[in-house]
Structures are given as structure tokens and as C-alpha cells.
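User: Please go through this model with me in questions and answers. I would like the reasoning kept short.

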Amino acid sequence: MFKRMRSLVCLSVAAALTTPAPAMANSLDLPDIGTTASSTLTIAQEMQYGDAYMRMLRSSKPIVNDPVLNEYIDSLGHRLVANASDVKTPFTFFMIRDRNINAFAFFGGYVALHSGLFLHAQSESELASVVAHEIAHVTQRHLARSMEEQARRSPATMAALAGSLLLAIAAPEAGIAAITATTAGSMQGQINYTRSNEKEADRFGINTLSKAGFDVNAMPRFFGRLADEYRYASKPPPMLLTHPLPEDRITDSRARAQNYPARRVDPSLDYHLARARIVARYAGIDAKAAQDWFNRTEKKAAPSVKAAFQYGKALVHLDNKELDQASSILNNLIKQQPNNRFYLDALSDLYIAQDQANKAQSMLEKALQSAPNNAVLTINYANSLVKQDKNSEAVKVLQRYTHDNPEDVNGWHLLSEASIHLGLSDEDLAARAEILALKANWNKAIQYYTQASQLAELGSLKQARYDARIDQLMVQRDRFLALQ
């Protein structure tokens, strides 16, 4: 339902995706490459840095705030996390709109995927191989361990190193320069240490991939195809510029995959639905090019996933106000899978575009009976209420939704809109303040909550709530600024 995003300036940060190259045995025995970083940063400190980085990313990068895609990525990621080793933090998976092939992980269990990965990965297992590698970077605490190694080689403090990494998120060129100036150590030593981290991430990643029930051969297949495609390219993707794919790494990954039990994995309809949604809405191509891609790709696809290409075509029709064509496709798809949330989300948009938001409401109420509190269904349901001017009902739904999903800006945007329609200026200000806080705009967020408190009835519970939130934001702001 939330469709278009801005273009992206390329992100290049520490712990960026490298090309997994598992070793040649199932054993996870690894060379001793240092401590577990306990002397550098605690887990609590890593989570604090991760939260700060995420807020800065929201303010500077086109994060894809798409409820359906977020649900898919989260489901895939946590399936892998459930089968990973040494998990010490919660994990958050999100997407950045960028056609470059890349992914990266950072402090606190945050894993970012570029939308371009979906354009090149041909199966869910291929995508999962990238995610599993990034999860290993987090579980093995590679960023903290790299900081420890850099500090050992130079007189830099942990605070200076962490501050430089924080700067790198906000302004990559300045941040990289700061890191270089701060560490001033042996470049070759840092490169060797990074390679050791990558070797470890490769091994843990492919083991996680196998335990989670994916095809381990997807890893060498994806990266081998990537290496062939860009072997003679004048401008390869950022991933291959910083982490090249020599033939021996691909060979090692193939050999390692052969030591795992052979597994036939059926094509994933959900993966292909997510991929179709990205092509239709986030690939930066026009409607004709998208429709041509769906037609070409559908011819080569397995019968079990052909519905995904019909879904993609329906989205293109819907976004171009070709409602009759979209309706014909979506009504056929929903008959096949009445509870499929990709279809329910699109039908909700269709009904609203047809000025039939009441139909969307009825459909979603029924779906919520089977999946209460589901984020995709709930946010669409709230949207259908707002479109019918049922703003009081929408506010009740959204207050509960934002409590359960405080980092979803979609909920806060809708709550702001519904509050405006009801003339609740204080509630509008509070909702907008939460969006600002998610982007580390602390002072503006505090200002908005202060205005909301002034509008609230003197001595009321609402005013007390606003004042308490101001106190919380001031503490968060001070902690955030202390990291720099």
C-alpha cells in the first residue's frame, strides 16, 4: 500500500556483504583469529550503537517501508536466525531501495538487504545464502572484533573507533577518512584480519543455510553466476569492488556444499511474490519494462510460482490506475489463496482506488479473524478506516498498532493523518514526533512533544504521558550524542 521511494546514494560501511566462500568440510573448526570482543564492546553497547546507526540510516537512506516486503524479509531472516550458532542479540532485517547488489550487517543484529539482490537472486535459497552470511557477521561479532584489532595496532580508543564508524554511516566518505586517520595501522594487517572474518562468516553461514532447510548449492551457484556476469565489467557492483570473487573461493564453496546432504528445495512462491513486488514498485523501471520482464520470466518459471508474475502484472496495472485489468488478475489470485497477504494487500489498495474502502474493511476484518494482530492486515485495515473517514476507529487501531510496532513509520503516519481529521492537534504532533525520533531528529521530536503537552488539558493523563515521553527522548538524545 505504501508504494514509491526516493533514489539511493550508494552506502559503503563496515561489515558490508562479501561473497560467501565456505571451506571444504562440514566442521566449523576455525583458526584462532582473536577474542570474542568482550574487551571491546559489551553486547549491550553493541545494541546501543546498532540502534543509533539504524536511526541515522532512516534519516539518510531510502528504507523500504513496505509492510508486505518487511514481513517476508523478517520471516526469512528469523528462519535462518533460529538455526544459527551463538545468537546473542535480537535481529532486525530491513531493505534499502538500491539496484546495486549488496547487503550489510552492523551492531545489534541489524541486517540490511539492497532491493537489487532480489533482481539477481533467482531463488529463495540464493537470497538466503546472502542473509545467512550476514547473520554470521553479527553472531561472531566481527565488527567489534575488527575494532579491537585496529585498536591493538594503533593507539586509538574504542570510543574514537566507534565514533568514526558512526560517522561512516551518516557520511561514508568522511567516515572512512576518519577511520583511516584514527587507526593509522598496518593496512595489510587489517586486510588479513578481514579475510579471516570472512572465512569464519562463510563457514557459519553455509552451516546455517543447511540447518534451515535451504539448498546449500545455491551459495556457489549465485556467486559463480555473479562473478561470470561481471568478470569483464568496467563498473562492477560495489560488492565486487571491495570483495572480489577469485575462482578459488567459488571452488571452495562448491566443494563445501558437496559435503552437505543433497536437498531438493521446491521453488518458494512467497519469494517470487516478493521479487515481483520489487520489480513492479522498487526497481526504478517503467510500466512497459516491468510488464516485459514479467512476461519473459514467467515463460521460464516453474508452474508452482507462475502466480507471482500475474501478481506483478496486477501491481503495475494498479499503480497505473488500470483498475479493471488489476481487478481481473487479483480476483483470480485471491480465489486460489484467500489468505495470501500479498494478494490481500493489493486488493485492499484496489478497493480503495475504486472508492470502495468498505469492501477492503470487510475483507480485512475477515482475514484478521484468522491472523489477529498481523501487521500487514492491521495497517491495511487502519488505512481502509481512514479512507472512509472512520478516524475514531482508526485511531484506536493505530494506537495499539504503534504500541506493538513502534519502529514502523507507516503506523505513525496514519495515526497523524487520522488525528488531523479529528482535529486532535496534540496527537498529530506526538505521532510526528515519534517519526522524527526514529530518524534521530531528537530536538525536533522533543519540540513537538512539548507543543503537544501545552495543548493537552492541564493535569490530564494525556499531558502526563507527553511529559514522560519528553523525559525519555531527552535521555535517548543524550545517550546518542555521547556515542559521537
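The turns below cover confidence, overall make-up, the sheet, a helix and two loop residues.

User: What is the mean pLDDT of the protein chain?

Analyst: This is a predicted model, so confidence comes before detail, because where pLDDT is low the predicted coordinates should not be read in detail. In the protein chain, 78% of the residues reach 70 or more. The mean pLDDT of the protein chain is 83.

User: Over which residues is the pLDDT below 50, with 122 contacts beyond near neighbours in sequence?

Analyst: One stretch under 50 is residues 169-189, but for that one the model has 36 contacts beyond four places in sequence. The stretch with 122 such contacts is residues 2-36.

User: How many helices and how many strands are there in the protein chain?

Analyst: The protein chain has 484 residues, of which 57% count as buried. Of its contacts with a separation of 6 or more, 69% are between residues 24 or more positions apart. The secondary structure comprises 23 helices and three strands.

User: In what order do the three strands form the open sheet?

Analyst: The edge strands are β1 (92-96) and β2 (103-106), each pairing on one side only. β1 is joined to β3 (residues 110-114) by five bridges and runs parallel to it, while β2 and β3 pair in the antiparallel sense over four bridges. The pairing is therefore mixed, and the order is β1-β3-β2.

User: Which residue of β3 is the bridge partner of I96?

Analyst: Two other pairings into β3 help to place this one. F94 stands opposite A112, and F106 has Y110 as its bridge partner. For I96 the partner is H114.

User: Is β3 largely enclosed or exposed, and how many of its residues are buried?

Analyst: In a regular strand the side chains alternate between the two faces of the sheet. On one side of β3, Y110, A112 and H114 are buried, and on the other V111 and L113 are buried, so both faces are covered. β3 is largely enclosed by the rest of the structure, because the buried residues number five of the five.

User: At about what angle to β2 does helix α4 run?

Analyst: Neighbouring strands of the sheet are turned by 20° against each other on average, direction ignored. Helix α4 (residues 124-139) lies across β1, β2 and β3. Its angle to β2 is about 25°.

User: How far apart are the end C-alpha atoms of helix α1, and why does that agree with its 18 residues?

Analyst: Helix α1 covers residues 43-60, and its buried residues include Y49, G50, Y53 and L57. At 1.5 Å a residue, its 18 residues should span 26 Å. The model agrees with this, because the end C-alpha atoms are 26 Å apart.

User: Which residue takes a positive phi in the hairpin of β2 and β3?

Analyst: The hairpin has three residues between the strands. The phi in question is near 80°. The residue is G108.

User: What is the relative accessibility of D355?

Analyst: D355 is found in the loop between α16 (341-353) and α17 (357-370). Its phi is near 60°, a positive value in a residue other than glycine. D355 counts as exposed, because its relative accessibility is 73%.

User: What is the relative accessible area of D389?

Analyst: D389 lies in the loop between α18 (375-387) and α19 (391-404). Phi of D389 is positive, near 65°, whereas most residues other than glycine have a negative phi. The cut-off for exposed is over 50%, and D389 is exposed, with a relative accessible area of 57%.

Conventions. Residues are numbered from 1 along each chain as its sequence is written. Side-chain values use heavy atoms; hydrogens and water are left out. pLDDT is the predictor's confidence in each residue, from 0 to 100. Contact means heavy atoms within 4.5 Å. Two strands pair if DSSP finds at least two bridges between them. Axes are lines fitted to C-alpha atoms, for helices over the stretch in contact, and angles run from 0 to 180 degrees between N-to-C directions. Buried means under 20% relative accessible area, exposed over 50%, partly exposed in between (1.4 Å probe, protein chains only). The expected span of a helix is 1.5 Å times one less than its number of residues.
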